[in-house]
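Open the model in your viewer and keep the selection tool at hand. The stops below go from one loop residue to the whole chain, then to strands, cores and empty space.

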Amino acid sequence: LLDLEAPPLPCTCKICGKDGVYRCPDCMHQPLLCTDCCCSMHATHPFHRVQQWTRDFFEDSALHMTSLQLHFGHDGAPCPSTSANVQATLSRHSQPAGLDEEEWEDIDYIPLHLRLPVGSKYLTVIDVTGVHFVLSQPCQCMNAESYHKQLLCAKLYASTFEKPSMVFTFLVLDDFLRDNVECGTSGMNYYSKLCWVTSSMFPHLVPELLQVAQQWHLLKLLKWSGYQGNLNGSMKGDLALFCVACPQPGINLSPKANLDDWRYTRTVVMDGNFKAEHMCEWRPDNQVWLMDGCGFMVTNLIITRGAHSLTVQQKSACNNHKVISQASVSHGKLNSTGVGATACAWHGCFYLHSVVDFQKGERQLNMDYSLCNALSYSTNGIQNVICFYDVNCTYMKNLQRQVDNTKVLEIALSLRIMAGIGMWHVHGHKKECYARYSPLFIRGSGWVNSEIIETLWSTLNIVSTSTCGMTLPHCQELLDFQMNDSNFMKMIHLSTFGMEAFERLNEAVPSSQQENWWRQEEAALKDHVHDPSVMDIFEIQLTKAPTVHGVELHLLQTSTTSGMHHGAASWLTHGLVIEEVEIMLAIGQKAIGPNPSDLK
């Protein structure tokens with residue numbers, strides 16, 4: 001490690017043999033180069049960080065100090081319309097600004113490679129290797145594209161489209177998205193890391209990073225969705241991915257499929273998350289929505305209007321669940337107390353345009369909007385729906401009335417919705433709810449615990465801390481991108497599961513018992529939608545064991561016919577006789593002593 005800090009011997013350029021001045025730690029074997037060779041060698045790697053030999057040590061430097069320039073519009077070649085005098089002027093004035101002796105005492109020391117170039121056009125470039133000041137020369141031809149489009153062709157994204165002076169490489173934007181999705185890194189923390197990569201003394205904090213990241217989120221979603229124009233003609237949820245395994249007529253189902261079959265049942269799960277809070281904003285009217293309603297979050301205007309249209313206060317006939325008792329609790333400093341969503345209960349994919357904000361608690365009207373949007377996506381012809389929710393024993397009683405009383409909600413009349421409660425939550429309800437709403441007794445639900453949405457919240461909560469103080473559009477768009485990545489990861493990890501365990505269990509049950517269970521199941525499932533109490537047949541039928549007092553009473557009442565002792569009095573008498581014999585035996589043993597004679 002110490003040898004790597006010293007220059008090679010002889011200290012000459014690796015290419016031309018002249019005196020070596022610069023070395024590049026980002027290049028393989030960090031070759032020692034002269035100024036001209038360093039400039040020409042890094043024409044295609046303009047964002048490497050170089051070091052300059054000072055005769056004592058290697059000092060951090062920058063490629064713009066070698067007169068390296070970026071040319072746009074001609075695949076990196078200089079523009080023929082730009083005169084040679086202009087290019088010479090750029091190279092001659094590319095040295096960093098110096099400091100007067102009078103200014104020396106007033107400011108802190110700034111390294112040479114961090115000073116802005118003077119007398120030349122330059123760009124501030126943000127890359128994974130840090131912050132760079134790079135000399136630039138746009139194309140000056142008559143038919144040249146605008147400057148920001150020339151930058152895009154070079155994979156540089158400008159922070160502003162008019163007179164751009166700061167750009168971000170596509171590489172750093174993609175790297176930030178990966179860090180944000182996988183590690184939950186906020187924009188400020190990520191840029192702080194870039195500052196340390198550039199220099200531990202780098203003092204600046206660039207506010208454009210979050211703004212550019214917000215635009216980059218949208219551009220990536222537009223590219224993945226195949227959009228070439230704008231979003232004016234887009235539909236709800238057009239920029240999001242949905243589960244490829246859930247039954248969708250016209251997409252993954254044959255037109256001849258019998259959609260009334262239980263195999264084509266749409267299974268959904270609903271839940272709320274109170275970790276994804278959002279603070280009230282100083283200027284809520286000064287906002288720019290880039291993709292309002294085109295992802296998983298619902299359109300802001302619709303849900304805001306609908307939130308004030310219904311005020312039905314529910315009372316639970318089951319246990320005192322907080323979801324119901326605290327549904328109308330408000331928090332003054334929060335614009336949103338959390339989010340509610342509907343997801344696929346089998347594969348854990350969020351439904352498009354079905355994630356809602358909570359203005360207060362987990363009110364039914366918000367969850368109604370989420371469920372209605374989920375049931376309207378690719379369900380043409382689907383007739384059976386299984387809906388799991390923590391408080392379905394109370395929620396489903398008012399669902400149809402809530403939908404009928406508002407103009408923004410609608411559920412197709414052909415859908416038969418069967419209510420269920422997840423395995424983890426159903427044991428917190430009354431005893432009757434287990435057989436009525438447990439997924440174990442609902443045909444078509446399969447072996448599913450219906451709590452998969454809880455695992456989705458755990459990954460979404462990582463970024464919730466950074467979205468709390470964002471503007472509402474940026475917060476929703478970041479959550480959209482996170483949920484879209486979650487759905488994508490679910491899609492690529494889908495796999496098939498064997499039925500070996502079920503077959504072994506099925507073979508161990510007699511055929512007569514299977515037929516009896518089948519008839520009882522058919523009768524219960526037939527009336528389950530209209531009367532959940534018929535599911536009580538699935539309750540475990542056990543005969544209670546007799547108590548101790550019951551056994552004693554039975555023994556006293558039973559008469560003896562074979563000479564054996566059955567009554568309590570007979571047992572007591574026989575026990576006293578045995579005890580008397582034991583006492584007499586102990587007295588005799590004491591009388592004969594330890595060494596008795598043969599006579600005794």
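Select His29: its relative accessibility is 66%, so His29 counts as exposed (exposed means over 50% relative accessible area, buried under 20%, partly exposed in between, with a 1.4 Å probe and protein chains only). His29 sits in the loop between S1 and strand S2 (32–33), and has a positive phi of about 65° although it is not a glycine. Helices (H or I, at least four residues) and strands (E, at least two) are DSSP runs, numbered from the N terminus.

The model is predicted: local features need pLDDT of at least 70 and side-chain atom pairs count only at pLDDT 80 or more, while totals for chains, interfaces and linings use all residues. Residues are numbered from 1 along each chain as its sequence is written, and side-chain values use heavy atoms, with hydrogens and water left out.

Next, select His353. Is this residue buried or exposed? His353 counts as buried because its relative accessibility is 2%. Its phi is near 50°, a positive value in a residue other than glycine, and its place is the loop between strand S13 (338–344) and strand S14 (356–358).

Go to Pro10, in the segment before strand S1 (22–23). The peptide bond from Leu9 to Pro10 is cis, with omega near 0°.

Now show the whole chain. It has 19 helices and 16 strands, and 43% of its 600 residues count as buried. Among contacts (heavy atoms within 4.5 Å) with a separation of 6 or more, 66% are between residues 24 or more positions apart. The exposed area is about 34900 Å², with 56% of it from carbon and sulfur atoms; areas come from the Shrake-Rupley method with a 1.4 Å probe, and for residues only the protein chains shown count as cover.

Select strand S7, residues 130–137. Strand S7 is largely enclosed by the rest of the structure, because 8 of its 8 residues are buried. Two strands pair if DSSP finds at least two bridges between them. Add strand S6 (residues 122–127), which pairs with S7 in the antiparallel sense over 6 bridges. A hairpin of 2 residues joins S6 to S7, and Val125 has His132 in S7 as its bridge partner. Then add strand S5 (residues 69–71), paired with S7 in the parallel sense over 3 bridges; here Leu70 stands opposite Ser136.

For the nonpolar cores (sets of buried Ala, Val, Leu, Ile, Met, Phe, Trp, Tyr and Cys residues joined through side-chain atoms within 4.5 Å), select Phe350, Val355, Leu371, Tyr395, Ile411 and Met483. These have the most contacts inside the largest core, which has 56 residues. Another core lies apart from it, with 24 residues, including Val131, Met166, Ala213 and Leu222.

Finish with the empty space, found on a 1 Å grid over the protein atoms alone. A cavity is a set of points where a 1.4 Å probe fits but cannot get out; a pocket is an open set with protein on both sides within 12 Å along at least five of seven lines; lining residues have an atom within 4 Å of a point. Points are joined across faces, edges and corners, and a volume is the space filled by probe spheres set on them.

- Cavities: there are 6 of 30 Å³ or more, and the largest has a volume of about 120 Å³. Of its 14 lining residues, Ala62, Leu63, His64, His132 and Phe133 lie nearest its centre.
- Second largest pocket: this holds about 660 Å³. Helix H1 (35–41), S5 and helix H4 (147–153) are the elements that give two or more residues to its lining.
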